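Q: Can you walk me through this complex? Keep it quick.

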Amino acid sequence: MRGLAVGLVVAVALSVGTAWAQAAYYAGKSIEVIVPFAPGGAADVGARFLSPFLEKHVAGRPSVTVRNIPGGGSMLGASFFAANAKPDGLTLMCTTSSTIFPWMFGHPAARYDLARMRVVMTLPFGPVVYVSPRTGVQRPADLLRPAVPLVYGGIAATGSDLPILIALELLGLPVKVVLGFEGRGPIRIAFERGETNLDFQFTPVYLTQVVPLVRDRKAIPLFTGGFPNERGELVTRDPVVADLPSVFEVYQLLHRTKPAGPRWRAYEAAANLTFTYGLSCWAPEGTPSAALQALYEAAERMNADPEFKERGKSVTGGYPVSRGDQVERLIQRAMRPTLEVKKYIIDLLEHKYGVRGLRL
Amino acid sequence: MWDAALHALGVFADPHRLWVLLVGVLAGFVVGMIPGLGGVVAVSVLLPIIFRFDAPTALAALTGALAVVYTSDTITSVLVGTPGSPASGPTAIEGHALARRGQAARALSAAFLSSAVGGMLGVIGLTLAIPVARPLVMLLGSPELFMFTVLGLAYSGSLLGASPIKGLLSGLLGLLLGLVGPSPAAAQFRYTFDHPYLLDGISLEVLALGIFGIAEITSLLARGGAIAREAPLGAGWLEGVRDVLRHRWLLLRGSLIGVWAGVLPAIGATAAAWMSYGHAVATTPDRSRFGKGEIRGVIAPESANNAATAGDLIPTLLFSVPGGPAAAVILGALYAYGIYPGPRLVEQHLDLVYVIVWSFALANVLGAILAFGTSPLVARLTHIRFALVAPPLLVTMVLSAYQTTRHSGDLLALFALGILGWLMKAAGWPRAPLLVGFVLARPMERYFWLTVELHGWRWLTYPGVLAIAALMVGPTLWSLLRDRREASSRRAKGKPEGSVPGALLAILAAVLFGYGLWEARTYEWQARLLPMVASAPGLILALVQAPLALRGEVTGSELEAPPGRELVQLLVIGAYLGGCWLVGYFWASLLYLLAFLRYAARLQPAAALSYTLAGLAVLWGIIRAFGLAWPSGAVLR
């Protein structure tokens, strides 16, 4: 009994002690979050959604400001971050796979090294793929035999369309891919007009814009990108749209076997970087562990905050944030797939979509 | 519907909200006045503060800021001939020409009134559009959107000016510059020289600042004296109001062009202003005064750019598809409140829609009042020696240009485009077609390839496509016929003479087009077509134009001082920009202001010093208030 009491006192003292130490780190300081895109995009919305909760939950209550540095398809802002951010935890960068892919494939303008940065926090962007009823496709099983040719509208092969393009290859679907749209909003309008008939949207947009179409029988939801298990394998269902199967399940349904090989691992890597860790926030290498700890713990507290859950439902689909220390290894692994997997992706991009200048 | 409208008006019964709206309006007003800063900055500067408010209050602030940007940008355009934002480019031509004739007050009052009325008509359009816009936008696919961009180009045909060759060259040059960056249809970057700065293309703000701003400041400085050459400021305010009343139908048509351009996702306020200006030129019986201060050329674009801002909100609110970059920021703010605009917004948040409508209307009134209130003071600037007005203006422009990417490339691009603008001015090339070509190049290319990929060639027979084609053929034929009749009378003016800048510019254009063609040969077919469409005729025309310019032609040069003197001013500006890059913005500005005020403006040392320090203090205030970045200097860092 006495032992327990002493233990409790020690535990309380320790936790107060660590809390105090962290409060000392960010107390009276301010964090600048660099978003390498123009205001209004997905990364900007995500970062601005997170920032008041960071102010609330990072011990020491620092003030948080978002700074947009657009240009070069996010490479200018990321290069600026790499060149200018001091490793003091006061400058972070929140970005998307648009920053990661060019770096992975050796783009000369990607003057930053993500392998040497620290992951602070991530937030998923979940995709939902849906189809027009005019294709005759009622359920995933019909996908291999549509009544009319499937037409998919996308923005660019190297952006957030990449995992879906790989998924279409993986599943072996007969799809005509038309790239060059300005954004995912105009693609949705083109779908509604019947110019395309296969599309995906991220969960918050799906829930608010596509579900009404589903109710009016103008769209049929098919599958999601899937969600990772603790080893980063995309084998479980997306918790936000749990009634829909994942790419993993649809593959088994169509091909009667589990997906494997470089195509599947290419999909996993691209989908994890684009969807699972859709918004990733980074700190420079050498950031003190007191700062990183304070940010990791803020992630934990945000997930427990009912206001965060409530607001998150409509902004991000309601996914919890992940602590950087829990996902860092998985992200680093997804960013450095095996040579075989990289070759597969480069081959697909070069031969099917005419992308040049990719490096292993 | 009316209940919701009245209920939303009740939102403003709360003095706190009204106050926040006013803050938004003030922010938008100041940002609009600063050359080169437009709608995106106006709403972005508010983002850090608005998330402390509830959604209606935040929307009031954002809408208020957006609504007045295109009212106050007029002030800079008229007074110094530098567009306050790219969308008031036409006003920088016509309004500024009026100001030089001492009619600044008339131009300003006509512009403010047109802006306010355009904004009001735009917001009425927005209100009426809510029930019908959805079926309407559903009618517009890639083929129709492509045709609208071509229509925009065709309407700007009337901007070609006295020499069609130069006008065409200018437009083609604009197209080529607009194609720098990623190709929408093929995974390829064009004309980027593998430099990250060019990967997203040239920014419209820097282009407008360079082509008009730098060129104008150069000329005004070289000429010396005040901006207004004739007549004291005088009244003129009422005359501007009378002008607007006299041209009320033009005002209405300009506003309609604006709303429509706003609704179309590909075309924004800048294209709207130029199309409306083109329309004004095409419908004015005596076109000789355009370029020299024609009030119709102020009324039409000013009504259009404000109306386009309201039009931008239609796709934003009904489809969650931003009508323009500033609307994208508002959309992002709505997302952050968990509000996803779309068909259901009207059912679920109709009150919010009306908060936006009322904010827009109130802001337009407030903006006009502010504009009328401040401009008598500002108009006096036109009578002060320009050598005193120019340095702070230039320093502010550089700061604005640097906001687009915060990369030293902004400084270089500003100077390079400034030289191009100045050469065009010296050689009498119209600069309007360049801007139009630039803003329409990318949407035109994007929708052309989407059309071909999605519709094959069937689209050529779609009724919508044919209808737009008919809209295009009629006015174009009419304007060609009229050109023939007028050509002889217009060409006769002036004495033909050889022009060195003209020949230089033609050679420069030939080199650019030649390079454009040469580089394009390696591109995929989808990335190559439009560069070839722009470069091949451009190269031929430039090669025709070069000997013409050298042998002697009526250049129509807009320079007001000997070219040598202008060139010196241009080099001084270049030196200052180089200084910003080398030693950073503050040291360069300090040195430039001091040296210029002391030796060029010939102020007493004490006066020069205090003016410099006061100017820097105001700049510092702007930087802090709007959270701007400045060049930190390659060497000192």
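A: Here come the model, the chains, their contact and one loop residue.

A: This is a predicted model: local features need pLDDT of at least 70, side-chain atom pairs count only at pLDDT 80 or more, and totals for chains, interfaces and linings use all residues. Residues are numbered from 1 along each chain as its sequence is written, with chains lettered from A and ligands numbered from 1 in the order in which they are written.

Q: What ipTM and pTM does the predictor give the complex?
A: An ipTM of 0.84 and a pTM of 0.85.

Q: And what pLDDT does chain B average?
A: Chain B averages 85, and 94% of the residues score at least 70. pLDDT is the predictor's confidence in each residue, from 0 to 100.

Q: How many helices and strands are in chain A?
A: Chain A has 13 helices and 11 strands. Those are DSSP runs, numbered from the N terminus: helices are H or I with at least four residues, strands are E with at least two.

Q: What about chain B's secondary structure?
A: 26 helices and two strands.

Q: What is the radius of gyration of chain A?
A: It is 21 Å, which agrees with the value near 21 Å for a compact globule of 360 residues. The radius is taken over C-alpha atoms, and the globule rule is 2.2 Å times the number of residues to the power 0.38. The C-alpha trace of chain A spans about 70 × 50 × 35 Å along its principal axes.

Q: How much of chain B is buried?
A: Buried residues make up 61% of its 637 residues. A residue is buried if 20 or more other C-beta atoms lie within 10 Å of its own, exposed if 12 or fewer, and partly exposed in between, with C-beta atoms placed from the backbone. In chain A, buried residues make up 54% of the 360.

Q: Now the contact. How many residues does it take from each chain?
A: 44 from chain B and 45 from chain A. Two residues are in contact if their C-beta atoms, placed from the backbone, lie within 7 Å.

Q: Which helix gives the most on the side of chain B that touches chain A?
A: α15(B), with seven residues. That side divides into 28 nonpolar, nine polar and seven charged residues. Ala, Val, Leu, Ile, Met, Phe, Trp, Tyr, Cys and Pro count as nonpolar, Asp, Glu, Lys and Arg as charged, and the others, Gly among them, as polar.

Q: Which domains does chain A have?
A: Domain 1 (21–124 + 277–335) and domain 2 (127–273). Domain bounds come from an automatic or database domain assignment. Their centres, taken over C-alpha atoms, are separated by 27 Å.

Q: How many residues are in contact between them?
A: 15 residues of domain 1 of chain A are in contact with 12 of domain 2 of chain A. On the domain 1 side, α4 (97–104), α11 (306–315) and α12 (324–335) of chain A each give two or more residues.

Q: One loop residue: where is G232(A)?
A: In the loop between β9 (220–224) and α8 (247–255) of chain A.

Q: Is G232(A) buried or exposed?
A: G232(A) is partly exposed, because 18 other C-beta atoms lie within 10 Å.

Q: Which residues does G232(A) touch?
A: Not counting residues up to four places away in sequence, G232(A) touches N272(A), L330(A) and R333(A).
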